[in-house]
Each structure stands twice: as C-alpha cells, then as structure tokens.
Amino acid sequence: MTKPISGFSKLTKEEKIDWVTENFTQNAAQSKKILQTYWNQDKIVQQLHDEFIENTITNLYVPQGIAPNFLINDTLYAIPMAIEESSVIAAASKAAKFWLKRGGFKSEILGTEKVGQVHFIFKGDTKKLESFFTYLKPVLLAESASLTTSMEKRGGGIKDIVLKDKTHELDHYFQLHATFETKDAMGANFINSCLEQFATTLKKEAAHYDAFSTPEKDVEIVMSILSNYVPNCTVRAEVSCPAEDLKLSAELTPQHTAEKIIQAIKIAQVEPYRAVTHNKGIMNGIDAVVLATGNDFRAIEAGVHAYACRNGRYSSLTHAEIENGIFKFWIELPLALGTVGGLTNLHPLVKLNLEMLQRPSAQELMQIVAVAGLAQNFAAVSSLVTTGIQKGHMKMHLLNILNQLGANENEKAILVEHFKTNPVTHHGVEIQLSTIRK
C-alpha cells in the first residue's frame with residue numbers, strides 16, 4: 001500500500017511527477033510523457049503557469065474558440081470562449097448572426113455593488129451593541145483609510161457598513177455587512193483586507209467600550225470574508241424584433257415559434273428540474289467567457305445560482321414576452337467581474353483575449369458576458385422548440401466520437417460528409433466507420 005508523503009510541496013516539479021506516476025499510475029514512463037506533452041515549450045511561459053497554483057505538474061488544456069458577429073450596443077465584438085463542450089460556440093455564433101440583422105443585443109448595468117461581511121458573536125444587550133456601532137462606524141472607516149486610498153482615487157471604496165442582527169437565525173450571531181465599489185477590479189483582495197481591518201477594529205474598540213460589561217467586551221470574531229452573492233451587482237441584456245420576423249423553422253410560423261419560446265421560458269420559471277438545465281445552458285456561454293478573461297467562474301456560478309432562487313424557488317434567469325407584436329427576450333443576473341488584477345495582468349492569453357474584446361472596463365465585460373449567456377439560451381431554447389437539441393449537438397459532437405474511435409483524416413472526411421444528411425449516434429458512427437474499413 002502507498003504510504004502518505006511528508007513535505008510533498010517542497011519537492012521539485014520533477015520529483016513530484018516521479019512520486020505521483022510511480023505510486024498512482026500503471027506505467028510511470030508513459031504517464032510522465034503525457035504530463036510533459038502538455039508543458040508549454042516556452043520555459044518562461046511554463047514557469048508562469050507553474051506559479052499560478054501549488055504542486056503544479058502540468059497544464060490541462062481547454063480549447064478556446066471565437067464567437068464572431070456579436071453586435072452589442074452598436075459595437076461589434078468577436079468573443080473569445082474557453083470551453084470543452086461541443087456545440088456551445090457554434091450555438092452562440094448562430095444566435096449572434098441571427099440577431100445581427102435585427103439590431104443586435106442591448107445591454108445595461110443595473111448596479112455594481114459588492115458585499116463583504118464580518119461575522120461575530122456577541123453575548124450581551126443588543127441595544128448597547130447598536131449604540132456601540134453608532135460610535136464604531138466612523139472609527140472603522142478611519143482605521144481602514146490607508147487601505148482604501150488607491151481605490152478611492154479610481155472612484156471606488158467603501159459604500160456603507162451596517163450592523164445586522166441575525167440572532168433570530170443563530171444564537172448571539174451578528175455581522176458587519178459592508179458594501180463596496182471596486183471599479184474595474186473584481187475586488188476580492190481589497191474587500192477582504194478591509195474586512196479584516198474592520199474585525200481588528202471591532203475587537204479592539206469593544207474591549208474598551210465603557211458601556212459594555214466585562215463579558216460583553218469579549219466579542220468573538222468568527223470570520224471576515226467577501227460574499228460571492230452580489231444581487232446589487234447586476235446587468236441586463238436583451239434582444240427584440242417583430243414576432244413575425246422570428247423565422248427559425250420551416251415547420252413553424254414565426255408567431256408560433258415565438259409563442260413556444262415564451263412557453264418554454266415559463267416552464268423553466270415554474271419547474272426547478274427544467275430550470276436547472278435551462279440555466280446550465282446559460283452558464284455554458286457565461287463560464288466560457290469568464291474563463292477566457294481570467295475571472296473566477298466558480299464565484300460567478302455560485303452567485304448566479306443563488307440569484308436564481310432569490311424569490312424562494314429556483315427559476316429561469318431569462319424571460320420572454322410578446323408586447324404589441326414585438327418579441328422580447330432578456331436576462332438579468334449578477335456578475336462580479338474584473339479587467340485588472342489577478343490573472344488579467346499575468347496570463348498572456350487572458351491579456352490577449354481582453355485586447356480582442358477592445359480592452360473593456362469591468363462594466364463593459366459584464367455586458368459582454370451577459371450577452372453571451374443570453375445568446376446561448378436563445379440558441380438552446382430555439383432548438384428545443386423546433387428541431388430538438390440533439391440534431392445540432394450531435395453533429396458538433398461527431399469529431400469527438402471519431403477521435404474516440406481512432407478514425408484517420410480520410411475516414412473523418414468521408415463520415416463528416418455522410419452525417420450531413422444522417423442522424424448522428426455513437427453506434428451509427430461505429431457502424432459506418434466499420435463499413436469503410438471493410
């Protein structure tokens with residue numbers, strides 16, 4: 001049995017690889033070769049990647065593509081998307097092309113407020129704590145001033161700090177709930193630094209507050225951390241056209257297509273089983289752009305899904321209606337993004353992707369990302385109510401199947417042509433490939 005290792009992080013990269021491959025793979029030499037195949041040939045670039053995280057042994061590539069022809073607020077974009085799933089970029093591109101001829105996408109920022117909290121335990125008189133907070137608030141702002149100077153020069157900073165009584169949910173639990181403006185930075189490090197200073201000030205001032213009893217002076221700080229739930233850092237994106245212009249299928253009239261799309265959205269609004277898959281498709285588009293621009297897609301996912309159930313039930317992020325003969329399709333969601341700091345300043349490809357997006361501000365990037373999610377959802381729902389989702393998806397998935405089966409370039413060319421007019425299934429591809437080889 002393999003024994004635990006001590007001091008793994010202190011080993012060289014090569015020593016880490018030796019240990020992992022010798023103890024956890026069947027063929028150490030072959031495993032090492034695979035890991036090294038994915039190293040960047042430029043040693044400086046590889047070192048940069050090695051230092052992004054801990055215990056690095058290789059890079060896991062995710063393909064990056066471009067979805068062109070996105071007209072957003074009258075500006076044309078080619079959107080970089082990093083994702084491993086077939087048909088996502090094709091679907092987004094198809095939606096972009098469709099709406100390009102119908103005025104494109106319109107988007108606006110609804111808010112940019114970020115949130116952080118100091119969670120603490122106070123065992124005492126709530127009225128006295130409220131009086132203490134009135135005294136404390138200006139002290140909190142004064143003692144964090146050195147941290148906020150640079151951010152304030154850029155137009156950001158601390159917006160407000162409030163005391164929240166959460167004792168009805170958990171005994172003796174209170175919080176300092178702070179809101180921030182971080183401009184083009186996502187702001188996690190800035191917010192967390194401010195919060196930790198708040199906690200230090202809270203603890204210190206409570207210990208010397210004359211109105212508190214001795215037990216009340218012993219405020220227990222549990223933790224200080226930003227929140228990835230940002231319901232006031234939101235963006236709206238929409239498209240619209242006359243319902244009679246929604247020609248997507250030879251089998252359905254434009255009016256019927258519009259009505260079916262609206263019905264599909266209503267189902268996702270009331271049925272959580274459908275809503276989860278519906279919103280997952282939206283996140284296909286959003287995550288791909290978030291990842292390509294060096295932002296934290298896990299934080300975005302968590303915040304967006306929390307927002308989707310803010311009214312007590314998990315529901316659709318998109319909406320649709322026909323009003324006075326005009327079909328409207330829109331999305332509102334929270335997106336805390338940055339275009340400075342973190343990987344945006346370090347990763348060469350991320351910097352290039354932001355350049356391709358015309359060096360957007362954080363607010364502009366919010367709008368681009370929201371549009372990508374809306375486009376993805378429009379493409380998915382349109383397919384669902386017309387041809388079905390598998391027809392387009394499986395054609396995009398065909399090359400993956402052929403690669404799994406070891407098809408050569410000549411075989412791929414023959415089978416791609418064959419399946420232009422035939423349904424794609426894994427078994428069907430196997431049969432056709434076998435027929436060719438015989």
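Me: Why does Lys183 count as partly exposed?

Reply: This is a predicted model, so the number here is computed from the predicted coordinates. Lys183 has a relative accessibility of 33%. Buried means under 20% and exposed means over 50%, so at 33% Lys183 counts as partly exposed. Lys183 is found in the loop between E6 and H7.

Me: What makes the phi of Lys183 worth a remark?

Reply: The phi of Lys183 is positive, about 55°, although Lys183 is not a glycine. Most residues other than glycine have a negative phi.

Me: Which phi does His172 have, and why does His172 count as partly exposed?

Reply: His172 is not a glycine, yet its phi is positive at about 65°. Its place is in the loop between strand E5 (157-165) and strand E6 (173-181). As for exposure, partly exposed runs between 20% and 50%, and His172, at 35% relative accessibility, therefore counts as partly exposed.

Me: Why is Phe198 called buried?

Reply: Its relative accessibility is 0%. The cut-off for buried is under 20%, so Phe198 counts as buried. Phe198 is found in helix H7 (residues 188-207). Leaving aside neighbours within four places in sequence, its contacts include Val118, Leu140, Ile158, Leu176 and Phe180.

Me: And why does Ser315 count as buried or exposed, whichever applies?

Reply: Ser315 comes out at 15% relative accessibility; with buried set at under 20%, Ser315 counts as buried. Its place is in the loop between helix H11 (297-308) and E9. Apart from neighbours within four places in sequence, Ser315 is in contact with Ala268, Gln269, Ala275, Asn279 and Ala308.

Me: Why does Leu346 count as partly exposed?

Reply: Leu346 has 44% relative accessibility. Exposed needs over 50% and buried needs under 20%, so Leu346 counts as partly exposed. Leu346 lies in helix H12 (residues 343-346), and once neighbours within four places in sequence are set aside, Leu346 is in contact with Leu48 and Phe52. C-alpha to C-alpha, Leu346 and Gly294 are 9.1 Å apart in space, with their positions 52 residues apart in sequence.

Me: How do you know that the length of H9 agrees with its number of residues?

Reply: H9 covers residues 254-270, which is 17 residues. At 1.5 Å a residue, they should span 24 Å, and the end C-alpha atoms are 25 Å apart, so the two values agree.

Me: What puts the buried residues of H9 on the same side?

Reply: The buried residues of H9 are Pro254, Thr257, Ala258, Ile261, Ile262, Ala264, Ile265 and Ala268. They cover an arc of only 155° around the axis, so they sit on the same side of H9. Those residues pack against helix H10 (272-292), strand E9 (318-323), strand E10 (326-334) and helix H14 (362-385).

Me: How do you know that the length of H4 agrees with its number of residues?

Reply: At 1.5 Å a residue, the 13 residues of H4 should span 18 Å; the end C-alpha atoms are 18 Å apart, so this agrees. Among the buried residues of H4 are Val88, Ile89, Ala92, Phe98 and Trp99. The buried residues of H4 pack against strand E1 (64-72), strand E2 (75-82), strand E8 (234-242), H10, E10 and H14.

Me: Why is H4 called roughly perpendicular to H14?

Reply: The axes of helix H4 (residues 88-100) and H14 cross at roughly 95° and come within 8 Å. Roughly perpendicular covers 65 to 115 degrees, so H4 is roughly perpendicular to H14. On the H4 side the contact is made by Val88, Ala91, Ala92, Ala95, Phe98 and Trp99, and on the H14 side by Ala375, Gln376, Phe378 and Ala379.

Me: Why is H16 called oblique to H17?

Reply: Helix H16 (residues 409-418) and helix H17 (residues 426-437) pack at an angle of about 130°, their axes 11 Å apart. That angle is outside 65 to 115 degrees and is not over 145, so H16 is oblique to H17. The contact is made by Glu411, Ile414, Leu415 and His418 of H16 with Gln432, Leu433, Ile436 and Arg437 of H17. The crossing of H16 and H17 is right-handed.

Me: How many helices and strands does the protein have?

Reply: The protein has 17 helices and ten strands. Of its 438 residues, 44% count as buried.

Technical notes
Residues numbered from 1 in each chain as written. Predicted model: local features only at pLDDT ≥ 70, side-chain atom pairs only at ≥ 80, totals over all residues. Heavy atoms only, no water. Helix = DSSP H or I, 4+ residues; strand = E, 2+ residues; numbered from the N terminus. Expected span 1.5 Å × (residues − 1). Buried < 20%, exposed > 50% of the residue type's maximum accessible area, 1.4 Å probe, protein only. Arc of directions from axis to C-beta. Contact = heavy atoms within 4.5 Å. Axes fitted to C-alpha atoms, helices over the stretch in contact; angles between N-to-C directions. Parallel < 35°, antiparallel > 145°, perpendicular 65-115°, else oblique. Left-handed = near helix turned anticlockwise from the far one by under 90°.
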